[in-house]
Amino acid sequence: MNFEQLKPEVDNIILKTKLSVNDKLLAICKLLEKHVEYYNWVGFYFRNGDKEELVLGPYVGAPTDHTVIPFGKGICGQVAVSNQNFVVPDVTAQDNYIACSITVKAEIVIPIFVDGKNIGQIDIDSNTPDPFTKADERFLEFVCQKVAKIL
């Protein structure tokens, strides 16, 4: 499935009234991990109340020890501070990278905004070197905009 084909699938998940927010987020993770070949770990992190840290939400992929990430630490922590997309073609070239698995080669993190405030992000790891394009960024921005409507 390409990104244009995945968009209505994301919409369908968001519109399911019988699913909780966490179930919808998990369904989106499963959809993306299943249909985008180079998305090997897909998850959400959210700001922990007023604390300057992120907590892990629903995800699909290998278990991670990184269930709490301080703002500024790692790619996710940097996005929490910068409010900007962060595409990492080669995680070994990043000084502030938090290694989740030796198989991860690249990462993309896109913030989620609610009422103009960065409240979380979608985080995707890939075992493929440099797989992410502008099309990934645009698609994941779409996903984050849809997710923002249910938070």
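Start by selecting I28, which has its place in helix α2, and keep in mind throughout that the model on your screen is a predicted one. Colour I28 by its accessible surface and you will find that this residue is buried, with a relative accessible area of 0%. Then show the residues around I28: leaving aside those up to four places away in sequence, I28 touches V10, I13, I14, F44, V143 and V147. Add G43 to the selection as well, since I28 and G43 lie 15 residues apart in sequence while their C-alpha atoms are 9.0 Å apart in space.

Which residues touch the most other members of the largest nonpolar core? That core has 31 residues, and the ones to highlight are I28, L32, Y39, F44, I122, F139 and L140. To see where the core draws its residues from, colour α1 (3–15), α2 (21–35), β1 (41–47), β5 (106–114), β6 (117–126) and α4 (134–148), the elements that each give two or more residues to this core. Among these, α4 is the one that gives the most, with seven residues. As a general background to this view, nonpolar side chains in soluble globular proteins tend to be buried together.

Centre next on L140, and display its neighbours in the same way as before. Not counting residues up to four places away in sequence, L140 touches L32, Y39, I108, I110, I122 and I124. A second core, separate from the one you have been looking at, is made of 17 residues, and I75, V79, F86 and I98 are included in it.

Now turn to the strands, and select β6 by itself. This strand is mostly covered, with eight of its 10 residues buried. On one pairing, β6 joins β1 in the antiparallel sense over six bridges, and two places to look at along that pairing are V42, which stands opposite I124 in β6, and F44, which stands opposite I122 in β6. On another pairing, β6 joins β5, also in the antiparallel sense, over nine bridges. If you follow β5 to V114, you can find the bridge partner of V114 in β6, namely K117. While the side chains are displayed, it may help to recall that in a regular strand they alternate between the two faces of the sheet.

Select β1 next, a strand that is also mostly covered, since six of its seven residues are buried. Besides its pairing with β6, β1 runs antiparallel to strand β2 (residues 53–60), and five bridges join the two. Within this pair, R47 stands opposite L54 in β2. The two strands β1 and β2 form a hairpin with five residues between them, and in the turn you can pick out G49, which has a positive phi of about 55°.

Two further stops concern backbone angles in loops. Where is D115 found? Select the loop between β5 and β6, and D115 is there, in a hairpin that has two residues between the strands. D115 has a positive phi of about 55° although it is not a glycine. With a relative accessible area of 80%, D115 is exposed, whereas I28, where the tour began, is buried at 0%. Move on to the loop between β6 and α4, where D130 is found. D130 likewise is not a glycine and has a positive phi, in this case of about 50°. Is D130 buried or exposed? Its relative accessible area of 52% makes D130 exposed, because the cut-off for that class is over 50%.

For the last stop, look for empty space inside the model. Rolling a probe the size of a water molecule over the atoms shows where such space is left. The structure holds one cavity of 30 Å³ or more, and the volume of the largest cavity is about 80 Å³. To display its lining, select Y45, H66, I69, K73, G74, I75, C76, Y97, I98, C100, E107 and D123. Sorted by class, this lining has seven nonpolar, two polar and three charged residues. Which helix gives the most to the lining of the largest cavity? Colour helix α3 (residues 74–82), which gives three residues. Before you leave this view, notice that I75 and I98, both in the lining, are also included in the second core of 17 residues.

How values were computed: Residues numbered from 1 in each chain as written. Predicted model: local features only at pLDDT ≥ 70, side-chain atom pairs only at ≥ 80, totals over all residues. Heavy atoms only, no water. 1 Å grid on protein atoms, 1.4 Å probe; cavity = no way out; pocket = protein on both sides within 12 Å on 5 of 7 lines; lining within 4 Å. Points joined across faces, edges and corners; volume = space filled by probe spheres on them. Helix = DSSP H or I, 4+ residues; strand = E, 2+ residues; numbered from the N terminus. Nonpolar A, V, L, I, M, F, W, Y, C, P; charged D, E, K, R; others polar. Core = buried A, V, L, I, M, F, W, Y, C linked by side-chain atoms within 4.5 Å. Buried < 20%, exposed > 50% of the residue type's maximum accessible area, 1.4 Å probe, protein only. Contact = heavy atoms within 4.5 Å. Pairing = 2+ DSSP bridges.
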